[in-house]
Structure formats: structure tokens, C-alpha cells
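Student: I'm new to this one, so could you take me through its aromatic rings up close? I'd like to see who sits with whom, and what lies around them.

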Amino acid sequence: MRLRPITVGIAILVSGAGALLGCGRRSDTAAPVVPVPETASAFADVSDAVGIRFRHSNGARGFKLLPETMGAGVVVFDFDADGKPDLFFVNSSPWPGEATGVKPTGALYRNNGDGTFEDVTAAVGLDATLYGQGGCAGDFDNDGYPDLFITAVGGNRLFRNAGGKRFEDVTDKSGLFENTWPKIADTEEFQRWKRPISFPASATWLDYDGDGLLDLFVCSYVEWAPALDLGIQAVLPGGQRAYVPPTQFRGTRCRLYRNLGDGRFADTSAASGIEVGEPTGPKGEVVPTGKSLGVAICDADGDGWPDLAVANDTVRNFLFHNIPDGRGGRKFEEIGLMANVAYAEGRPRGGMGIDSAELEPGKTALLVANFSNEPNTLLSVRKTQPVLFQDQAATWGLTASSRGPMKFGAFFFDCDLDGRTDLLTVNGHLEPDIAQARPGQIQAEPAQLFRNVGTASSPDFRLADAGDLSKPLVGRGSAYLDYNGDGRPDVVVSTNGGAAKLFRNDSDSGNHWLRLKLVGDGARSNRDGIGAVVEVTIESETRRFFVSGSRGYLSQSELVVTVGLGRRTAVDRVAVQWPGLKANRQTWTGLAIDREHRLIQTTN
């Protein structure tokens with residue numbers, strides 16, 4: 001039975017294209033997207049051929065609750081440490097009271113090494129039902145096997161990897177347990193639920209204090225409850241209910257959990273400067289500012305300490321600068337406004353996915369995937385003391401072509417291995433019935449591959465045909481990996497309420513490559529090498545790669561560093577600055593090209 005939305009007298013949205021989606025945001029006319037005839041990597045949909053059968057379930061039954069529009073992510077990690085990247089797809093679930101038979105779970109696909117994948121979800125103990133959003137993998141106990149963290153509406157989960165054979169739910173004993181999911185089994189009772197239900201988004205592992213242990217940062221979206229959501233009258237021109245925009249919900253605070261080294265984590269959000277708020281409450285009380293969806297690790301000032309860039313939806317973005325806490329430890333200072341990261345064109349945009357890379361020598365760049373009718377934001381450092389970014393999207397050719405779609409997944413990668421960093425956004429509207437408000441527009445949208453045809457010091461992005469990857473999808477999370485060992489980065493995409501897709505990179509450029517798998521010693525540096533800086537020198541040119549956990553939206557790409565060499569047939573030197581207070585710097589020479597190398601941390 002379909003129930004009526006419960007009205008509780010929150011803000012009313014009038015019908016019409018501006019109120020919809022729009023969704024309370026500016027709806028200026030989008031610039032036409034004109035593909036530039038550049039030859040780029042062609043991507044072929046091989047999902048069925050390789051055995052990927054996952055379908056995302058968002059629990060939608062017509063009531064149009066905000067979380068249904070957001071998920072979900074995909075995590076690339078080598079869970080069994082056999083040297084081949086595996087895939088975990090995050091899944092959501094029915095709402096309480098909605099009987100659907102078999103309960104959906106996430107799915108772990110093991111890479112068989114012969115170009116196919118095998119679903120091993122139940123066999124390894126990951127067949128848990130929760131309203132998942134995103135995920136990230138990292139070896140928090142430094143035992144050589146990456147563990148899995150899943151963000152979920154109503155309560156996150158941490159699964160410890162037991163020797164690459166099984167996963168154990170250690171959420172309770174880790175101190176990360178926060179269960180706000182209503183323990184009810186009735187649809188009407190759930191719709192009347194007013195108590196806030198936690199609504200996390202992306203998450204990432206990082207070692208923010210340099211002790212060799214991976215800590216955990218978790219984005220939080222909005223203060224949400226079903227009664228609050230259903231009490232807002234958001235309607236389409238024909239009178240049908242629309243999804244409520246985030247502008248109608250209060251913000252929340254991100255969380256930072258410090259790894260204590262004994263399997264437990266301590267919430268250090270307040271002490272470490274992660275809790276951002278402003279005295280805007282009715283009585284002057286501090287109200288949380290963030291509506292955070294994406295997070296990327298970077299080192300904006302090059303001081304060797306990991307900073308955090310956070311994409312917020314309809315409010316200012318954050319840049320958490322890692323600084324001494326005055327007591328021998330580390331904390332964060334939020335400097336987004338001062339560093340010119342907070343706004344684009346003087347106002348907040350709808351920020352979803354975010355990633356970081358070096359696009360100019362020695363300069364950190366940030367990509368933010370923005371809402372429809374908003375171009376992508378592409379920032380590059382101009383000063384490091386103090387940190388100052390400048391939006392280069394227009395200068396580097398990204399503004400006009402990226403304006404139209406609703407962007408979610410986003411990452412930098414060298415798709416054609418020519419040595420120039422390209423970028424991809426995965427797109428798809430949040431409203432299935434968008435055509436009622438904007439005739440001619442549909443929910444499924446093509447991904448956008450922007451090939452960098454510039455120089456090492458002057459990027460120039462051109463929209464390029466990407467084969468099957470350019471076909472419309474309701475895209476959300478995305479990641480890159482080399483699943484078949486040919487050196488070319490392939491792309492995996494999760495869709496909202498639909499089938500996951502794996503796209504094989506069939507580029508025939510003939511370019512050379514180098515892949516670098518970092519292995520920390522587990523004492524001075526974390527086993528995954530997250531936070532390491534890799535410097536690759538070819539002739540007189542040095543390129544830098546930062547090993548990051550989360551990339552884009554709700555997702556994590558492989559941690560292996562892929563270096564495109566173009567026509568060059570040799571690498572002079574590879575240097576790694578390992579992360580951590582007691583970490584060292586190592587240099588390798590004579591590494592053979594067109595193969596993957598394991599770079600193991602040792603004592604110099």
C-alpha cells in the first residue's frame with residue numbers, strides 16, 4: 001500500500017523546474033557539450049563476459065526519500081593479497097517494513113587472474129544487509145591484508161580481513177559502532193520516525209599523525225529522518241512528489257577516528273579540528289556547517305603531512321590543513337576560505353566527488369564534480385605559504401563541456417598512458433522523473449572523459465569519445481584498476497538502482513607504462529603506503545604521485561601507481577618518500593618498463 005507523505009510543516013517547495021532540481025540551485029542555461037575529435041582510449045563494457053552480475057538496490061518504493069538518490073560506491077582492493085585487484089560493490093536495502101523477499105547485500109568479486117571474476121561474498125562473510133553508501137579499504141592492523149570499512153545510513157561497519165580468507169565484523173569492539181537505524185518493522189511507523197538517522201557518505205583511511213597506523217575519516221551528509229523528509233512538500237509540475245534537495249536539511253559534522261593500535265579507534269573529531277560549525281542557531285548556538293559527500297587526501301603545501309579536501313553539497317567546501325597541535329601531535333585547521341577552495345565564482349556549488357593529482361610540476365590540483373548546470377571545479381595551487389588555490393577550469397578547457405550533466409564519480413588517471421593526466425566524471429540525475437520538470441532531459445547520462453592534450457606545464461582538457469563508457473548510465477561511484485594486467489587502467493562504475501559496469505580499456509596507443517605497488521613495513525609506515533609520495537624521473541622531468549585512499553565519490557580506486565610513459569622506453573629513477581614520523585626515503589633505478597614492481601620499504 002502506498003502511504004501519503006507526512007506533513008510536519010517544514011519549508012514548502014513550489015513546483016516547477018527551478019524548485020525541482022534546480023533543487024534550490026541556480027539553473028542557468030548549460031553550455032552546449034561539443035565533443036572534440038580527439039582519439040582517446042576506447043572502453044568496452046565487459047561486465048557480463050567477466051562475470052560481474054551485481055545490481056544495486058536503493059529501496060525506492062515511490063515515497064522518494066533522499067538517501068535513495070545517493071548511492072552507491074565501489075571499492076577496488078586486493079583482499080586476498082594475490083597481486084590481482086578485486087571488487088567490492090556497496091549495496092543498500094529496503095526500508096523498514098518493506099518486505100522484498102531475499103535481502104540484498106553488497107558483493108565481493110574475486111579476480112581469478114584469467115580475465116574473469118567470481119562472487120565470493122557469502123564465502124568470505126560479507127553478505128551483510130545494510131543501507132550502504134560508500135566504502136574504503138586499508139590495512140588498519142598492519143597484518144598484510146586490507147580491511148574493509150562501509151559507510152551506511154543508520155550505522156557504519158568495519159570488517160577485519162582474517163588472512164585473506166574471511167572477514168570478521170569488528171564494528172563493536174573497534175569503537176566505531178553508532179547504530180541509529182530504527183528497530184521497527186512497520187512502514188507507517190518508520191515514516192513517522194523523527195529522530196535523526198546518521199547519513200554518512202565517503203570515507204578514507206589515512207595516517208594523519210604519522211604513527212604508522214591508519215586512521216579513519218568519514219564524511220557526513222545531512223541531518224536526516226524520514227518524517228522530516230516526508231514533511232517537506234517537494235512536487236513535480238504534474239503534482240507527483242519530487243526528491244527533496246539538501247538545502248532543506250541541516251548540516252552535520254565529519255568524523256575523524258584515531259587508530260589506537262590495539263584494534264580500537266578513538267573519536268578525535270573535536271580535538272583534531274574536524275568539527276566545523278558556525279553560530280547561526282536561533283539562540284546563537286553553533287550549527288554544523290558541512291554537507292559532505294566526497295573526500296580526497298592531498299599535501300597542499302608539500303610539507304609531507306596529509307591534508308584533506310572535502311566536497312560539500314550546496315555549502316562551502318573544506319580544506320583541512322594538517323598542522324602541529326602544540327603537544328607533540330597533529331591536528332587540522334580548516335582553511336577552505338583562505339585557500340580559495342570553499343567557493344567557485346563566489347558561491348557554493350553542489351559538490352559530489354573529489355580527487356587530487358599533480359597537473360603542473362610540483363603543484364597540487366583538486367577536481368570537484370558539481371551539480372547539473374554547474375561546471376566542474378578544477379583548482380591548482382598557486383602558493384604554499386600560505387596555501388592558495390586558483391580555479392583553472394576555464395583556462396584548461398573544462399568549463400563549457402562539463403556544465404550540463406549531474407556529476408558524481410570523479411577521478412584523475414592517465415587513460416592512454418601518454419604521460420599526461422586525464423580525468424573522468426560519472427554522471428546521472430538524481431530524479432527519475434526529471435523529464436516532467438525539464439522536458440528532454442533523462443536520468444541516465446553519459447560519463448565524460450576529458451583527455452589532457454596539453455603539455456607537462458600547461459594542461460588542456462578536451463571531451464573525448466570513450467566508447468561504451470560514453471553510453472548513458474545513472475552513474476554514482478567509480479574507480480579505476482588494471483584488472484587484466486595489461487597496464488591500461490580500466491574503469492568500474494556503480495549505478496543507482498541498476499547494474500554495475502566494468503569497462504575494459506582497449507586503447508591501442510602503443511604507449512609504455514610502469515606500475516608501482518608500495519608495501520610499507522607496518523611499523524614506520526602503514527602497509528598500504530597510503531600517504532606516500534612517489535617521484536618518477538624521466539630524463540629532466542620529474543612527476544609526483546600521491547598514494548591516496550578514497551577517490552571520487554563513495555569509492556576507492558586501486559592503490560597501485562600507474563605511470564604513463566608515452567613513447568619513452570626507460571625510467572631514470574623512482575623515489576618514494578614513505579609516510580610517517582619515522583619514515584625514510586628510498587630510491588630505485590633500472591626498473592624495467594611495461595611491468596608492475598613491488599616497492600618494499602626497507603632500512604636505508
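Tutor: Trp 95, Tyr 131, Trp 181, Phe 190, Phe 199, Tyr 221 and Trp 224 make up one aromatic cluster. Rings of Phe, Tyr and Trp (its six-membered ring) pair if their centres lie within 6.5 Å; planes under 30 degrees apart are called stacked, those over 60 edge-to-face, and the rest tilted. Keep in mind that this is a predicted model, where local features need pLDDT of at least 70 and side-chain atom pairs count only at pLDDT 80 or more, while totals for chains, interfaces and linings use all residues. Residues are numbered from 1 along each chain as its sequence is written, and side-chain values use heavy atoms, with hydrogens and water left out.

Searching the whole structure turns up 24 aromatic pairs. Take Phe 89 and Tyr 109: they meet edge-to-face, with 5.9 Å centre to centre and 80 degrees between the planes. This pair links distant parts of the chain, since Phe 89 lies in strand 3 (residues 86-89) and Tyr 109 in strand 4 (residues 107-111), 20 residues apart. Strands here are DSSP runs of E, at least two residues long, numbered from the N terminus. Phe 89 and Tyr 109 are both buried, meaning under 20% relative accessible area with a 1.4 Å probe, protein chains only.

Now for another pair: Phe 149 and Trp 205 are also edge-to-face, at 6.5 Å centre to centre and 75 degrees between the planes. Here too distant parts of the chain are linked, with Phe 149 in strand 7 (residues 147-153) and Trp 205 in strand 10 (residues 200-206), 56 residues apart. Both of these rings are buried as well.

Trp 205 turns up again in the largest nonpolar core, which has 84 residues: along with Phe 217, Trp 224, Leu 516 and Val 534, Trp 205 touches the most other members. Such a core is a set of buried Ala, Val, Leu, Ile, Met, Phe, Trp, Tyr and Cys residues joined through side-chain atoms within 4.5 Å. Trp 224 is a member of the aromatic cluster too. As for Phe 217, leaving aside residues up to four places away in sequence, its contacts (heavy atoms within 4.5 Å) include Leu 206, Ile 274, Val 295 and Phe 320.

Some rings have a charge for company. The charged end of Arg 330 sits over the ring of Trp 305, 3.9 Å from its centre, and that of Arg 476 sits over the ring of Phe 408, at 4.0 Å. For Arg, that takes CZ within 6 Å of the ring centre and within 35 degrees of the ring normal.

Terms used
Buried < 20%, exposed > 50% of the residue type's maximum accessible area, 1.4 Å probe, protein only. Helix = DSSP H or I, 4+ residues; strand = E, 2+ residues; numbered from the N terminus.
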